[in-house]
Amino acid sequence: MALTLAQLLKSTPASRKESAEGVRIKATKVKKTPKGYPMVMAKTESMVDAKGQARYVSKRNTYLSSVEIYPKGYVIVSCGCDDFCFTWEYANNKKGASRIEYCNGEPPGTRNPGNVPGLCKHLVKLARHLKETGVV
């Protein structure tokens, strides 16, 4: 079973969507997957911490986030941040919407005990950008 970006956004908690306001997309690059499907990669910068508090300039973290887009709008999402790794990657993988790249392949336990798929704030920002620009 695969998921669309809209389905992932819908299941993402409001707190991640609010935190996405503190994320800036520094650069995007459109590539092709080995099978020729579009993939959008973005360098995203967190301007707020996990609790939504402003970060000092010297403490901003930059992450590589990506969305691969397949027929019927199904996606494979990825982000190098801890929230994605320890909360979303395993659950998304179980639904066919992520590969195990950053986490150890173990269920997230207390961070997402129901294994509900979703997005980190960086991917929320990228998903909104792709929607606004008409990519998805």
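The following exercises concern the fold, core and selected residues of a predicted model.

Residues are numbered from 1 along each chain as its sequence is written, and side-chain values use heavy atoms, with hydrogens and water left out. Because the model is predicted, local features need pLDDT of at least 70 and side-chain atom pairs count only at pLDDT 80 or more, while totals for chains, interfaces and linings use all residues.

**Exercise 1.** State how many helices and strands the chain has, and in which order the elements run.

*Solution.* Step 1: helices (H or I, at least four residues) and strands (E, at least two) are taken as DSSP runs, numbered from the N terminus. Step 2: the chain contains four helices and four strands. Step 3: from the N terminus, their order is α-α-β-β-β-β-α-α. Step 4: the radius of gyration, taken over C-alpha atoms, is 14 Å, close to the 14 Å of the globule rule for 136 residues, so the chain is as compact as a globular protein of that length. The rule itself is 2.2 Å times the number of residues to the power 0.38.

**Exercise 2.** Identify the elements that give two or more residues to the largest nonpolar core.

*Solution.* Step 1: a nonpolar core is a set of buried Ala, Val, Leu, Ile, Met, Phe, Trp, Tyr and Cys residues joined through side-chain atoms within 4.5 Å; buried means under 20% relative accessible area, exposed over 50%, and partly exposed in between (1.4 Å probe, protein chains only). Step 2: the largest such core has 24 residues, and Leu5, Val67, Val77, Phe84, Leu119 and Leu123 have the most contacts inside it. Step 3: the contributing elements are helices H1 (5-11), H3 (82-94) and H4 (121-132), together with strands E2 (38-46), E3 (61-69) and E4 (75-79). Step 4: H4 provides the largest share, five residues. Step 5: with neighbours within four places in sequence left aside, Leu119 is in contact (heavy atoms within 4.5 Å) with residues including Leu5, Val77, Trp88 and Ala127.

**Exercise 3.** Determine whether Thr4 is buried or exposed, and do likewise for Asn104.

*Solution.* Step 1: Thr4 lies in the segment before H1. Its relative accessible area is 18%, so Thr4 is buried. Step 2: beyond neighbours within four places in sequence, Thr4 is in contact with Lys72, Gly73, Tyr74 and Val75. Step 3: Asn104 belongs to the loop between H3 and H4. Its relative accessibility is 61%, and therefore Asn104 counts as exposed. Step 4: Asn104 is 15 residues from Glu89 in sequence, with a C-alpha to C-alpha distance of 9.8 Å.
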